[in-house]
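This report is meant for a reader who meets the structure for the first time. It begins with one pair of residues and works outward from there.

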Amino acid sequence: MKIDLHCHSTFSDGVLTPRELVLRAKANNVDYLALTDHDTLLGLPDFMNSGKELNLNTIEGIELTTYYNDNGKTEHIHCVGLAKKDAKKDSLSNYLKEINKKRKNRALEMLSRIHDIYGYTVNLDEISKTNSVITRKSMLDHLVKENSNIDPQVLRISTSLDSKAYVPTKYIKVEDGTRLLKENNFFVIFAHPCLVKNQLIVETIIKLSTFDGIEVKYSYIYNDEQHFKGIAQKYNLLFSAGSDFHSPTESQKKHGDIGSSTLNEDEFKPMKEILNLK
Ligand SMILES: [Zn+2]
Ligand SMILES: [Zn+2]
């Protein structure tokens with residue numbers, strides 16, 4: 001049995017539509033798949049309908065961006081939320097509307113700075129019209145499309161955290177983000193703790209927040225599954241698994257194909273009951 005609880009669609013920075021994700025999951029013999037787009041729930045209706053139609057167990061989810069202030073350094077912490085049967089989504093939707101407005105303004109500001117500082121072509125009109133969540137990756141995709149004569153690796157510098165054009169986004173604190181997900185009846189998972197730059201703060205963050213589970217199985221080649229299983233047991237958290245699939249063509253070093261990180265049936269059982277899945 002394959003259970004993949006983390007992937008992205010065109011509603012955030014993935015390249016497949018929710019329906020295409022369901023088709024790919026079927027082709028990869030996945031039994032349960034959660035759609036967890038960055039800071040948006042908008043892909044979920046299409047995802048759930050496609051699951052019903054194509055007979056795949058689909059789970060409504062989200063990946064909420066939060067932050068932790070590590071002695072003046074901002075560490076972004078991603079929280080995967082999986083909707084329980086009675087999930088409300090009201091205050092979560094309001095928060096998402098607000099943050100995505102901010103994200104769009106930030107993208108417009110950052111791209112116009114990129115234009116001024118690096119001289120690259122940008123199409124701000126197109127960005128203003130988009131309804132999907134605009135991450136730094138989407139900005140890079142936009143630049144690649146508009147500047148086909150320039151090496152994408154060179155363009156990447158202008159959207160990096162060290163870019164002279166960088167504009168930060170103000171997210172929610174990790175403890176507030178996990179609480180928001182909980183209040184809306186989501187099961188809350190610490191996503192890819194292996195990617196936290198300062199590993200010493202992982203347990204501090206767990207103690208501070210209201211996680212129910214931790215992504216112990218993840219596609220990143222340096223993920224230490226046994227280490228995170230130990231931490232999960234120490235804090236009484238359930239195991240989770242996610243491929244973090246974004247695109248069929250990207251390198252498989254960090255993100256995997258759908259179903260490449262999976263829980264086994266026994267590991268999934270307690271979460272399955274909490275999520276009220278058949
Ligand atoms: Zn993430
Ligand atoms: Zn992700």
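In the predicted model shown here, Thr-66 stands opposite Ile-77 in strand 4. Strand 3 (57-70) and strand 4 (residues 73-83) pair in the antiparallel sense over ten bridges, where helices (H or I, at least four residues) and strands (E, at least two) are DSSP runs numbered from the N terminus, and two strands pair if DSSP finds at least two bridges between them. The two strands form a hairpin with two residues between them, and Asn-71 in the turn has a positive phi of about 50°.

Residues are numbered from 1 along each chain as its sequence is written, while chains are lettered from A and ligands numbered from 1 in the order in which they are written. Because the model is predicted, local features need pLDDT of at least 70 and side-chain atom pairs count only at pLDDT 80 or more, whereas totals for chains, interfaces and linings use all residues.

**Strand 6 and its partners**

Strand 4 is also joined to strand 6 by five bridges, and these two strands run antiparallel. Strand 6 is joined in turn to strand 7 (residues 213-218) by two bridges, here in the parallel sense. The table lists residue pairs from these strand pairings.

| Residue | Opposite residue or bridge partner |
|---|---|
| Cys-79 | Phe-190 in strand 6 |
| Gly-81 | Val-188 in strand 6 |
| Phe-190 | Ile-214 in strand 7 |

Five of the five residues of strand 6 (residues 186-190) are buried, so this strand is largely enclosed by the rest of the structure; a residue is buried if 20 or more other C-beta atoms lie within 10 Å of its own, exposed if 12 or fewer, and partly exposed in between, with C-beta atoms placed from the backbone. Phe-186, Val-188 and Phe-190 point one way from strand 6, while Phe-187 and Ile-189 point the other way.

**Two helices with a buried side**

In helix 7 (residues 174-183), the buried residues are Val-174, Gly-177, Thr-178, Leu-180 and Leu-181. They cover an arc of only 155° around the axis, which puts them on the same side of helix 7; the arc is that of the directions from the helix axis to the C-beta atoms. Among the elements that cover these buried residues are strand 3, strand 4, strand 6 and helix 8 (202-208), contact being counted if the C-beta atoms of two residues, placed from the backbone, lie within 7 Å. Helix 7 is followed by Asn-185, whose phi is positive, near 65°.

In helix 5 (residues 136-146), Arg-136, Met-139, His-142 and Leu-143 are buried. They cover an arc of only 115° around the axis, which puts them on the same side of helix 5. Their cover includes helix 3 (90-118), helix 4 (124-129) and helix 6 (152-159).

**The whole chain**

The domain assignment gives domain 1 (3-88 + 171-274) and domain 2 (97-159), with bounds that come from an automatic or database domain assignment. The C-alpha centres of domain 1 and domain 2 lie 26 Å apart. Their contact takes eight residues from domain 1 and seven residues from domain 2.

The secondary structure of the protein comes to ten helices and eight strands. Of its 278 residues, 41% count as buried. Along the principal axes, the C-alpha trace spans about 55 × 45 × 35 Å. Residues 24 or more positions apart account for 72% of the contacts with a separation of 6 or more.
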